Amino acid sequence: MSGEVLTSADYISHHLQNLTFGQHPDGSWGIAHGAEAASEMGFWAFHVDTLGFSIGLGVMFLYIFHRVAKQATADAPSGLQNFAEWVVEFIEDTVKGSFSGRNPLIAPLAFTIFIWIFLMNFMDLIAVDFLPHLAGMIGIPYLRVVPTADPNATLGMAFGVFFLILYYSFKIKGPGGFFSELAFQPFGKLGLPVNLLLEGVNLIAKPISLALRLFGNMYAGEMIFILIAIMYSGGLVLGAFGGLLQIGWAIFHILIITLQAFIFMTLTIVYLDMASQEHH
Amino acid sequence: MNINATLIGQAIAFFLFVVFCMKYVWPPILHALEERKKKIADGLAAAEHGKHSQLLAEDRAKDLLRKAKEQAGEIITRADKRAAEIVDEAKDDARAEGGRMLTAAKAEIDQEVNRVKEDLRGQVVAIAMAGAGKVLGREVDETTHAELMDKLAAEI
C-alpha cells in the first residue's frame with residue numbers, strides 16, 4: 001500500500017487489527033490507527049467491522065428466511081423453501097434430541113445461533129486479502145472480515161446465552177433451588193464453600209468456554225489463511241504451493257466452520273436444558 | 001484484540017435476531033411443515049379408506065352378479081316348464097279338435113246316408129208303383145192311394 005514495504009509481521013498485525021471506532025486519549029472520536037491507539041480507547045470503543053459484518057449477515061439471513069416464511073405453504077415446496085425446511089427440520093430434530101422440556105424459545109434460538117455463526121464463520125473462506133484490499137481502496141485502513149475471530153463477538157453471544165441460563169435457572173428452579181444446586185453439591189451441606197467454588201467455576205466456565213472455543217478455532221483458522229497468504233510473496237514455486245495449501249485448508253475449514261456452529265448451538269441447548277431441569 | 005463495547009453491541013444484535021426469528025421466521029415455517037405432515041397423513045388415510053370401500057364394492061358386485069345368475073337360472077327353468085306346458089296344452093287342444101271334427105264328419109255322413117236312404121225309398125216306391133200299375137193294368141191314382149203309398153214307403 002502506497003509503496004511502503006511491508007514485513008511479514010506488519011502484514012499479520014495489520015490483518016489482525018480491527019477497525020475500531022472510539023474516543024482518542026485527546027478527547028476526539030474517530031477511527032484508531034494502529035493497535036496501541038485502539039487499546040488506548042479503553043472499553044467504550046466499537047469494532048465497526050465486526051459489528052458491521054455480523055449484523056449485516058444476520059439481517060441478510062433473517063430477511064431471506066423471513067421471505068420464505070411469509071410464502072411458506074403446505075403444498076409442494078419450491079427451491080428456497082425446501083432448503084429452509086431442511087434446515088428447520090434439522091434444528092428441530094436436534095433440539096428435540098437434546099432438550100427435554102417444552103420451551104418455544106429454544107428452537108428459534110438454536111436456529112439463529114447455528115445459521116448466524118455459520119455465516120460469520122463462512123467469511124473465513126473468502127480469500128483473506130480480498131475484502132480488506134477492496135476496503136483499502138475506498139480508504140478504510142483496517143478490516144477483519146470474520147466476526148467470530150473477534151472475541152468480542154463470541155463473548156457477546158456467549159453472555160447472551162449465559163443470561164438465558166441464569167434466567168431459566170431462576171425461573172424454573174426458583175432462587176432457592178438454584179442456590180441449593182450451587183451450594184449443596186457435590187459434597188453435601190458441610191462442604192458448602194467448596195461446593196460454591198466448584199459450582200461457581202462450573203457455571204462461569206459455560207459462557208467462557210462457549211466463547212473461547214469458537215473464537216480460538218476461528219482465530220487459528222484465520223491465522224493459517226494469513227500465513228498461507230504470506231507465501232504468495234515468496235516467489236512462483238512457493239506461491240503455487242501456497243495456492244494448493246489454501247485450497248486444501250479451505251476445504252478442511254468448511255468442516256470446521258460447520259462443526260463449530262453446530263457445537264455452539266448444541267452446547268447452548270444442553271446448557272439451557274440443564275438450567276430448565278427441576279431435579280437432578 | 002481488545003475486549004470492548006463491541007461485546008455489548010453483539011449481545012444486543014444477538015438478542016434482537018433471536019426475538020425476530022422467534023416471532024416472524026420460525027413459527028410460519030414450522031406451521032407449514034406441520035400442515036403438510038397433516039395433509040400427507042390425511043391423504044394416506046383417504047387412500048386407505050378408498051381401498052377399503054373398493055374392496056367392499058367389489059364384494060357387493062360379486063354378490064349381485066351371483067344373485068343375478070341365480071335368478072336368470074330360475075327364470076330359464078320356469079320358462080322351460082312353461083314351454084312344455086304350452087306344448088302339452090296345444091296337443092290336448094289338437095286332440096280335442098280332431099275328435100270334434102271326426103264327430104261332425106260322422107254326423108254328416110249319417111245325414112247323407114239317411115238322405116240317400118230316403119231318396120232310394122222314394123225311388124223304390126215310384127218303381128213299385130209303376131210296377132204295380134203295370135201289374136194292375138191301370139194307372140194307380142197317386143192322389144187316392146197316397147196314404148197307401150206312404151205306408152208302403154215307411155215300411156221299406
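At 52% relative accessibility, K37(B) counts as exposed, where exposed means over 50% relative accessible area, buried means under 20%, and partly exposed lies in between (1.4 Å probe, protein chains only). The model is predicted: local features need pLDDT of at least 70, side-chain atom pairs count only at pLDDT 80 or more, and totals for chains, interfaces and linings use all residues. Residues are numbered from 1 along each chain as its sequence is written, chains are lettered from A and ligands numbered from 1 in the order in which they are written, and side-chain values use heavy atoms, with hydrogens and water left out.

**Salt bridges within the chains**

K37(B) and E34(B) meet through their side chains in a salt bridge of 4.0 Å, N to O; the term denotes a side-chain nitrogen of Lys or Arg within 4 Å of a carboxyl oxygen of Asp or Glu. The two residues lie 3 residues apart, about one turn of the helix, in helix 1 (residues 6-136) of chain B. Helices (H or I, at least four residues) and strands (E, at least two) are DSSP runs, numbered from the N terminus. E34(B), at 43% relative accessibility, is partly exposed.

Helix 1 of chain B also holds E70(B) and R66(B), which are 4 residues apart and therefore separated by about one helical turn. E70(B) is partly exposed, with a relative accessible area of 49%, and R66(B) is partly exposed at 44%. Salt bridges with shared partners join D63(B), R66(B) and E70(B) into one network.

In chain A, E92(A) and K96(A) both belong to helix 4, where they stand 4 residues apart, about one turn of the helix. E92(A) is buried, with a relative accessible area of 16%, whereas K96(A) is exposed at 58%.

Over all chains, the search of the whole structure finds 13 salt bridges. The table lists some of them.

| Salt bridge | N to O distance |
|---|---|
| K37(B) and E34(B) | 4.0 Å |
| E70(B) and R66(B) | 3.4 Å |
| E92(A) and K96(A) | 3.9 Å |
| R36(B) and E85(A) | 2.8 Å |

**The interface of chain B and chain A**

The contact (heavy atoms within 4.5 Å) takes 56 residues from chain A and 29 residues from chain B. Between them, the chains bury about 3800 Å², 75% of it on carbon and sulfur atoms. Buried area here is the accessible area (1.4 Å probe) that two parts lose on being put together, summed over both.

Across this interface the rule finds 1 salt bridge. R36(B) forms a salt bridge with E85(A), with the closest N and O atoms 2.8 Å apart. There are also 10 residue pairs in polar contact across the interface, both residues being at pLDDT 80 or more. A polar contact is a pair of N or O atoms within 3.5 Å; within protein, one must be able to donate a hydrogen and the other to accept it, and residues adjacent in sequence count only if both atoms are side-chain atoms. On the side of chain B that touches chain A, the residues divide into 21 nonpolar, 5 polar and 3 charged. In this division, Ala, Val, Leu, Ile, Met, Phe, Trp, Tyr, Cys and Pro count as nonpolar, Asp, Glu, Lys and Arg as charged, and the others, Gly among them, as polar.

**Aromatic pairs**

The count of aromatic pairs comes to 21 over all chains. Rings of Phe, Tyr and Trp (its six-membered ring) pair if their centres lie within 6.5 Å; planes under 30 degrees apart count as stacked, over 60 as edge-to-face and the rest as tilted. The pair of F65(A) and F83(A) is tilted, because the ring planes stand at 50°, with centres 6.4 Å apart. This pair links distant parts of the chain, 18 residues apart: F65(A) lies in helix 3 (residues 48-71) of chain A and F83(A) in helix 4 (residues 79-98) of chain A.

F65(A) is buried, with a relative accessible area of 6%, while F83(A) is partly exposed at 41%. Ring pairs link both residues into a cluster with F61(A), W86(A), F111(A) and W26(B).

**Chain A and the setting of T20(A)**

Chain A has 9 helices and 3 strands, and 48% of its 280 residues count as buried. Its C-alpha trace spans about 70 × 55 × 40 Å along its principal axes.

T20(A) is located in strand 1 (residues 20-23) of chain A and is buried, with a relative accessible area of 0%. Leaving out residues up to four places away in sequence, T20(A) touches several residues, including G30(A), M41(A), H47(A) and N4(B).
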